[in-house]
Amino acid sequence: MYLKVITKKGVSRLYLYESYYKNGKASQHCIESLGRLDELQKRFDDPVSHFKKVAEERTKEMKAARKTSVSIGLDSVMATGEDNLKNIGYVVLKDLYKQLELDRFWRNMLKKTSIKYDLEAVFRLLVFSRILYPGSKAETFDKKDVYFEKFDGFTLKDVYRSLDLIDRYDEELQKWIYDHSTRICERDMSTSYFDCTNYYFDIGRSDMDTFDDDGNPVDRKGNPAEIKYHKRGPEKNHRPDPIVETGLLMDKNGIPLAFDLFPGNESEKIHMRSIINRVKNQFNSGRTIFVADRGLNTSDNIYFLNGDNKADHNPRDGYVYGQSVRGADAEFKAWVLGGGYKTEKLRDDDGNEVTFTHKSRIHPKTIRVNVTIPGQKK
């Protein structure tokens, strides 16, 4: 890790960069933007020297984190009933955790709080256990001694308390993981895949919201609050229980980019836009092709991505949606059931031959979209 000073339009900014090799070629990646040099000079006598030392210290920490020493007493004897079976294989996950610098992320977030327990250790335990031993938070806490390292410094109540903090910083965490994952794998946002699912809860009734006179959700004391999530809606297994919905956006390689949760009684069709907006603003501003199933094939979503599409060249995002043939108009059905198909022989990832039958056309489509007033059509 090293310090880099970049000057543009007369303004110098400081960045922390890291060098790495990709496909046998040296490359570099921005780890953190430190800010304008003139602003940093108000806080440090010599910002350049200060952050050069910071870069050296972090490099040493990263190298030290990849090493460990184990002492074994060859004369030690296990007591009757003693269980010293430990999971060591999780170090593969820990190495990825360290490469993503998630421990540093939570150290930075902890500076904004006054909590006394080790939030980073709680998060690390939850991540490892969710992958290796999926279970409740109580079960995860009870099994924390199965790992070779010790998870101390927090109680079961602290685990429950940490969930609110993890939720508070979830968008920053998603952005952090995306930025730091580029040194581990290739991220390709030229095509993105979006879908929704839901989780049911064995509870008797939906959450009840309280609203003020303007229709905004408030808590019992009348303070602004978030809308509650456990609501009855169309559950994928047709259960009558309250559900919470989640939307997941993945890149071209199937690696998650971002996710969001929303109340179970709200349509998944509108929540795709908020996730895409966030990803475009925070992750990438280039053109992307979004792929989704027919449940998200709405006129509003098409217009949101593609605009009116009247120009010969449209620089906006594209889309690939599923389309129901049964519910389509007669003209579309006739085209689908008619001839003109082409057949190609392709190879899948395993080298097996696959027959691909297809046809395409350029065909105008009229869509009706919502304008600023909900329910009004244009």
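This passage describes the nonpolar cores, one helix and a surface patch of a predicted model.

The largest nonpolar core holds 26 residues, and those touching the most other members are Leu102, Phe105, Trp106, Phe123, Phe128 and Phe154. Two or more residues each are supplied to this core by helix 3 (91–99), helix 4 (102–110), helix 5 (119–132), helix 7 (156–168) and helix 8 (170–181). Helix 5 makes the largest contribution, with seven residues. A good place to start looking is Leu102: leaving aside residues up to four places away in sequence, Leu102 is in contact with Tyr97, Phe123, Leu173, Trp176 and Ile177.

Apart from this core lies another, made up of 19 residues, including Ile276, Val279, Phe283 and Leu305. Leu305 also appears among the buried residues of helix 10 (residues 299–306), together with Asp300, Asn301, Ile302 and Asn306. The packing partners of the buried residues of helix 10 are helix 9 (268–282), strand 9 (289–292) and strand 10 (318–321). Just past the end of helix 10 comes Gly307, whose phi is positive, at about 65°.

Turning to the surface, a nonpolar patch is formed there by Tyr199, Phe201, Ile203, Leu248, Phe259 and Leu261, which together have about 480 Å² of accessible area. One of these residues, Leu261, is located in strand 8 (residues 256–263). Leu261 has a relative accessible area of 33%, so this residue counts as partly exposed, a class that lies between buried, under 20%, and exposed, over 50%. The same 33% also satisfies the requirement of over 30% for patch residues.

Terms used:
Residues are numbered from 1 along each chain as its sequence is written. This is a predicted model: local features need pLDDT of at least 70, side-chain atom pairs count only at pLDDT 80 or more; totals for chains, interfaces and linings use all residues. Side-chain values use heavy atoms; hydrogens and water are left out. Patches are made of residues with over 30% relative accessible area and no salt bridge: like charges are joined within 9 Å, nonpolar side chains (Val, Leu, Ile, Met, Phe, Trp, Tyr) within 5 Å. Accessible areas come from the Shrake-Rupley method with a 1.4 Å probe; for residues, only the protein chains shown count as cover. A salt bridge is a side-chain nitrogen of Lys or Arg within 4 Å of a carboxyl oxygen of Asp or Glu. Helices (H or I, at least four residues) and strands (E, at least two) are DSSP runs, numbered from the N terminus. Buried means under 20% relative accessible area, exposed over 50%, partly exposed in between (1.4 Å probe, protein chains only). A nonpolar core is a set of buried Ala, Val, Leu, Ile, Met, Phe, Trp, Tyr and Cys residues joined through side-chain atoms within 4.5 Å. Contact means heavy atoms within 4.5 Å.
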